[in-house]
Structures are given as structure tokens and as C-alpha cells.
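Here is a short report on two helices and one residue. Sequence and model come first.

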Amino acid sequence: MTNSIAELEDSDCILVTGSNTTETHPVISTFIKRAVKFRNKALIVIEPRRIDLVSHATLWLRQLPGTDIAVINGLMNLIIQENLHDQAYIAERTENFEALRETVAKYTPEYVEQISGVPAADLRRAARLYAQAKAASIVYAMGVTQHTSGTDNVKTLANLAMLCGNVGIESGGVNPLRGQNNVQGACDMGGLPNVFSGYQPVTDAAARAKMEAAWGVEKLPDWVGLTMTGMVPAIPEGKIKALYIVGENPVISEADADHVVKALNKLDFLVVQDIFLTETAQLADVVLPAATFAEKSGTFSNTERRVAPVRQVIAPLGDSRPDWQIIAELARRLGYPMNYAGPEAIFEEIRQVTPSYAGITYARLEAEGGLQWPCPTTEHPGTVYLHRGQFSRGKGAFFAIDHRDPAEMPDADYPLVMTTGRVLYQYHTGSMSRRAPGLEGKAPECRVEITAGDAARYGIADGEPVRVKSRRGELVARALVSPKAVAGTIFIPFHYHEAPVNKLTIAALDPVAKIPEFKVCAVNIEKA
Amino acid sequence: MPPSILTINGATHSFEAGQTILDVALGSGITVPTLCNYKDTTPTGACRVCVVEVEGARTLLPACATQAAPGMVVQTESPRVVEARKMVIELLLASGNHNCLVCEANGECELQSLAYRYQVTTPDFANPPDTPYYYEDDNHMLVRDFSKCVMCGRCVRACNEWQVNQAIAIGYRGAHNKIVARGDFPYVNSDCVFCGECLQACPVGAILDKHAIGQGRPWERRLVRTTCPYCGVGCQVDVHVKDGRMVKVTGADAIPNLGKLCAKGRFGWHFVDHPDRLKTPLIKENGAFREAGWDEALDLVASRLKDIRDKEGPEKIGGWCSARVTNEENYLMQKLMRAVIGTNHVDHCARL
């Protein structure tokens, strides 16, 4: 998030898109709902499904899946035409505005309606609501990013925010809601193929020299590695022979799961380190038992860049060990001693080599509870919102981007669109939430969400088992005839190994972010 | 006297427009007891425990629902206030089965501590023990025991105003008043999303964390503040521990969640001590796993990785970090892969 969670309550207009906030980030949704209900703020929801947040919305734009760029370009076109854009901000703080103006000009309300199904009048109202708000905040999640146009979707949202001068101000910004407890931290720490911690590129000789000195090694690899979604197809090609997987369950979470299983089975050696014998761990040659969050100390970084302490609550169960101990032991056996007294000693090293974390110490976290990066010095209070006064790169760049169709569109054989996501009571591949009796009791099985109209068309009654097929795989689960559903589209959560929806999803990737298009693929449905 | 000054218990205090007597008192370190006041929600004056004496007012006034006014002269513990407060506490005690012996809330019950502070015992005119009350115990998360409910309405405002889940309300009238979910169905069949804010808000033992029942008194439990392991919000949680075992989780009144949690954060921690947990390393032999010691497992991993690195090259090895483990662990993992193995094939599940 460019801004902080608490700022949402003071935002004059909140635009939520591609986020089923009340189910996936329930606590953040309370700030949004309070803003609307008690502070009279506007809420625009741009979302195909009738999610719970819609009932709180000032305006709901129900676009067809995969048409986000058209809708946002349409908003920008109207804002520019009605002279509601922030011309001083654009002149002072941004570049490439003319290219944006030219590109969005063709996205007339009528053209947008033709692509997205959003009525022209609603688009106009939304444009005014967003543009006329003093501080407007954009909130998004995987509904925006899990597309072959995911990177462009995000850039388009950033365009809109900059157009109205909403980046670098309190209660504004472009705010991705990150889905997992430490996904922000895993990125910050260099758990990516192209960067060390603090996003220092591995291709930068100076960054490598710095890390080589810090780590006492002669030469670090200077090439950009593969992403997860790149490593899996590289296995059958013989380019990857061994994988060491920590706390991941790609057999359930990756797109086109059958391919993932086939690939992992082709490895010469697979190590999985996890807290349960997950579907992925079952394929491993060696499984290392890790401790849970409650059995170790350290830090997590949340979606608003806040580094917060994780404190040990109980002793590790059985012979399980904290991941850091396992990794350090393995390093020693590979001839590289890692002698850390504990997580704090590791964090001290992180601070030395990671400028954005340099000012954060365990002592400060103990005293202050949490600190938001960038926090370059121990005197720095942390950064509540980014890009104040100036963008990190200098001028904020507009990107002129056109709508394009998703990779796999419905056709005669596969006439429905399928999207995937989470439900309130489950989490990711279910290895944690499905073992909590309260949560499992509320959502014990996979349900295929479908409209009453589509259900009638295919002769399906609520609760009846259905078979859903894509070009890659199929599953059987019971239908859930729901007012949330979108005509022509079914929604299936990805938590359930009994009905693994990622057997059906398509491994078509965004060219930059390499994220799979989980939110659109073509399927058919029949009574099972 | 200049405007925006009032007197409480003989001392003057300044205040801002819109503040209640309770706001001013609490802000000045003066304790005024209340059962129904809850965070930043609408004051209702429902419990009457916070009544204070205001000079010139005909009756005692609820501090939570009375705006501070310039020149007001307030007494928070005058004989008249104490007498009234004792009567209110006595009536609340009479309204249900307030038997502390087996009550889960014993030790953290706000009615109990008021009874203690004002030395009020359970009155003779209390409802007889065989009075029928609704008891809801049909899910794995929350138990509702209406024999303890004092109708303060905190849960209703916590639900509607703090979490804005709009699942419960005060239903029926007069003596039949009751907290109801839509249609007066049990929570599990209603709009309730099991955030558990009602549980956290309840001043007595009317809403219980099912798993924690009988698992230890508050004074036997240790509290550890940590960060929730589910989504990316990073809610701060207090884990209640007794004898090395987790008993329950409550929302910590800290940034970013300000005490709020969702069903996963509050009721989703049972995976920690689930019998399925891996407790020892496993090595696959002839297609089946066998248990192994750490030395054997780690030696095997090290030798195989070394072998593949030396024969095939480090670029044939990939390592996946995790969005679930700590910063320190992710940092070490990428360091291991880059500095020790020599590969940049490092990634995690950020995209999934």
C-alpha cells in the first residue's frame, strides 16, 4: 500500500476493485465500511461479483471479467473531458500525460459500455465521484493482478490516481491488499529472482559487490533467476533438477495443477519444508518439519509496509524447528557456517544491507509496536504514506495502455468464464484453516457459485453436484446458486484438495509479473 | 468561569465541544465505571452504571450520554451516586444467573468487579436458578449464554458500528428484550461472520469462546502479543497460553487492527497443535516415507544439493521462499540460495 490502513476511514472516496475485502481482508473492510456509514464517505465498487461490499457502495460498476482497463480508461477519459483532472499536479509531478490523454480518448462511455457492460451513466457518476473527492483512495487485490494484463491493470489504476493528484497525499494512494501474512516481507527480503533484500537488483554490479562483501563470498550470480511460474515448466526441459521448497503448496495453489505434479515428479531431488504433509510435501524426497508462527520469533511485514514482531508463544511441537534454524544448519553442512544467536542477529544483518529497513531494530519494535518502511535511520519515524512531495523515481510516469482480451475467452465448447478466489472461512490451500474446526465447520466443502439463470439453463439445482471442465482438467463439486454470481461466470474457491480448481486454471502469464490468469478461463458445466 | 471548563469532584478540567462527561473524566484519569460504553461507538446510556451527579440537574445523568457543558459541576462518587450505582448493580445481578463459580468470565467480568468494588452481593430477589434461558452451543467458535446477558448492548454496537457486520440487534420488547441475529436464528444460520467482536466486547460471560471453556482462569494464563498468521493485514493478537498450550486468541488494541479480528484470526489457530503436524523429518525410500533424525535428513539434503550443484551447475537448483515465514527466514533462504548454492532461482508465492 502506498498509504496506511487507518487512513482509509478519512478518505473522501474509496474505489475498491478486484478485492472481495470483507472476505479476504475482513479487518481492512471494517475501516472502509466505517468510512461510508459513519463519515459519509463515497464508496465505488468495480467488481463483477455482487460481493458484500456492494451493499455498502455508493456506486457499483459491474464490469465483465477481464475488462478493467477499459473501465478505468473510460473513467480517465471522462475526467479529462470534464476538466476534473489535477492539472497543477500533473504538470509538476508527472510525465507522459499527453500519451495517456491520446490513448484514453477513444474510451468513450459508449465504447466502454460495449466492452465492459458498465452503463455509460454509471461511468459518468463514478468519474465525478472519484475526481471530485478531495482525497480518494484506490484499493485493489488479486482480482486486478491475476490477469495476463495484471501489470497493465495496476499501471492503469496508478494512472487514475495520478490524474487526480491522489498519490503522495494522506488518505489517497494506490493500495494493493496483500493476501498472505508475510508476502510483503518475502518480497522485501529478496525472495524474488531479480533482487536482493530492499529490491536491490542482482544485475547491479554495485549491489552484488555490497552483498558479496557482507556475505563473505567471492562471486554472486549476476543473472536474473526464474519465477515459480517459470521454474515449473523449466523442470521437464531439464533446466531445473532440484527444488528446495519452504512453506509453499504449489500442487494446490499453482495454475494448471496437473502440470505442476508432473513437473515436480520429474525432479532429481525435491525437499519440502512445511508444518504439514501437504499435497506438495507428499511428492518430496525429504520433508523437513518446520515450526509454526506460534513457536518462533521474528518479524512479519504487513500490507501497509509495517514491520511487526512475531513472538514465540509455545515451544516447537515434537522435533519441528523454526525455519531459520533449519536453513542455517543446512548452510553449515554445505560449507557455509551461519552462526546466528537468534532472529534478532539475522535482523541486524538485514538492517546493515537493506536501506529501507536500516532504522528498524528489535528494541524499537518492542517499544513502538511496529514500524513502516522506508525507515532509513534509527531516528526516522517510519513512512506512513509513500511518494510525498516527489515520486521515488522522480516524476510519476503515465503509461498509455489499451484494453486487450484475456488469454482464453469462452467459446462454443467452453461457454462459461471461471474465476477463482477465497471464501471468508478458508485460507489459501487450506492447510491451516481447514484444520480449525470452527472455520471448517462453516465452509467444509467446495461450492461452485453460479447465477440462478445459468443454473436453470444447465438444469442444475442448488446443492446438486456438478462437473466443471476446462481444456486442462475437471472437478466435481456441489453448486451454490448465489446472488453474488455473475451471469455467464462461475466462481470456485481454490482451498479444497478434494476439488482442486487449479487443475482447471490456465497457466497463461502476465508478461512482466509472471502471474497466472486465475481470474478468467473458459469452462463448461454439467450435472454430475 | 471561562467556557469549556467544568468541575469534576472539585477539580477543574477543560474539554472540547462534543465530549461527554465520561470522555472528560476518562481523559483526566478519573474512573467512571460503565458496562455499555464501547470504543468509538454511539453512547446509549443503557446500563446506567456510569450515572453521575450534576449540580442543578433534577436526576442523576449517565456520564457516557451527557455532553460536557461549560461550568458544569460533576460528582462521580457522591453518596447519592454510589447509592444509585449499587442499586443498578444489584438489579443487573438479579437479572440472570450470575454465579461466578463456573462462569468463564470470572476474573475478567466487569459486573463482577463492580459488585466487588461497591460490595454488592447477589440480591434475594434474583431470578431463581431454574429460570429458563436460551443457551446456544451449535458451532465450534462461539457459545451464547443468555442467563448471563445484562442487555448492555455492547455486542450490538461492536457488531454494527465497530466491525460494521450488521448481524445482530436488540430484539423484542420490554422484559422480553434479547440480542437477536436476523430472524432470531442461531448465529450459525444468520448473517453473523464470526469475527467474534461481540465476544471481545461482552463485559460479562454471556458470549464465550467455545474452545477456551474450562481451559483456565485469566490469572493462570500468560499473554503473548504477536502477529496473526493469516492474511496480509498483520493484525496484532494476544495469545492466551496456559501450561505451554494455546487457549485462545483475542484482538490486541494496537495498530493496525485496533482490537478487531476476523474469524480466521480469532478462531483459526487450531492448526498449531493439530495432530497432523509434522513432528520429525521424513525421508522417502522406495516410494514411502520413513521417519528420520535431523542429522540424517540434513546430511542427505546437503549432499544431494551439493552433488547436483557440482555436477549440473548451481543454475539447475531453485529455492522457494515463503509468504508464511518470517522476514529473517526469507532473508536467510535467499542468502542460502544465492551465496551458498549460487543460484538466483529464488521466488515465493506472491503471485498466487
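A:G165 comes just after helix α9 of chain A and takes a positive phi of about 65°. The model is predicted. Helix α3(A) has a similar sequel: A:N83 follows α3(A), and the phi of A:N83 is positive, near 60°.

The two helices are set out below.

| Helix | Residues | End-to-end C-alpha distance | Expected span | Buried residues |
|---|---|---|---|---|
| α3(A) | 68-81 | 20 Å | 20 Å | 13 of the 14 |
| α9(A) | 150-163 | 20 Å | 20 Å | 11 of the 14 |

For α3(A), the span expected at 1.5 Å a residue agrees with the distance between its end C-alpha atoms. For α9(A), the reach from first to last C-alpha is close to the expected value.

Burial comes next. Because 13 of its 14 residues are buried, α3(A) is largely enclosed by the rest of the structure. With 11 of 14 residues buried, α9(A) is therefore largely enclosed as well. The buried residues of α9(A) include A:G150, A:T151, A:D152, A:T156 and A:L157. Towards the other end of the list stand A:L160, A:A161, A:M162 and A:L163, also among them.

Is A:N153 buried or exposed? A:N153 lies in α9(A). Its relative accessibility is 4%, under the 20% cut-off, so A:N153 counts as buried.

What does the side chain of A:N153 reach? It reaches the backbone oxygen of A:V144, at 2.8 Å. Beyond neighbours within four places in sequence, A:N153 is in contact with A:D68, A:I69, A:V144 and A:H147. A:D68 and A:I69 fall within residues 68-81, the range of α3(A).

Terms used: Residues numbered from 1 in each chain as written. Chains lettered and ligands numbered in written order. Predicted model: local features only at pLDDT ≥ 70, side-chain atom pairs only at ≥ 80, totals over all residues. Heavy atoms only, no water. Helix = DSSP H or I, 4+ residues; strand = E, 2+ residues; numbered from the N terminus. Expected span 1.5 Å × (residues − 1). Buried < 20%, exposed > 50% of the residue type's maximum accessible area, 1.4 Å probe, protein only. Polar contact = N/O pair within 3.5 Å; in protein donor to acceptor, adjacent residues only side chain to side chain. Contact = heavy atoms within 4.5 Å.
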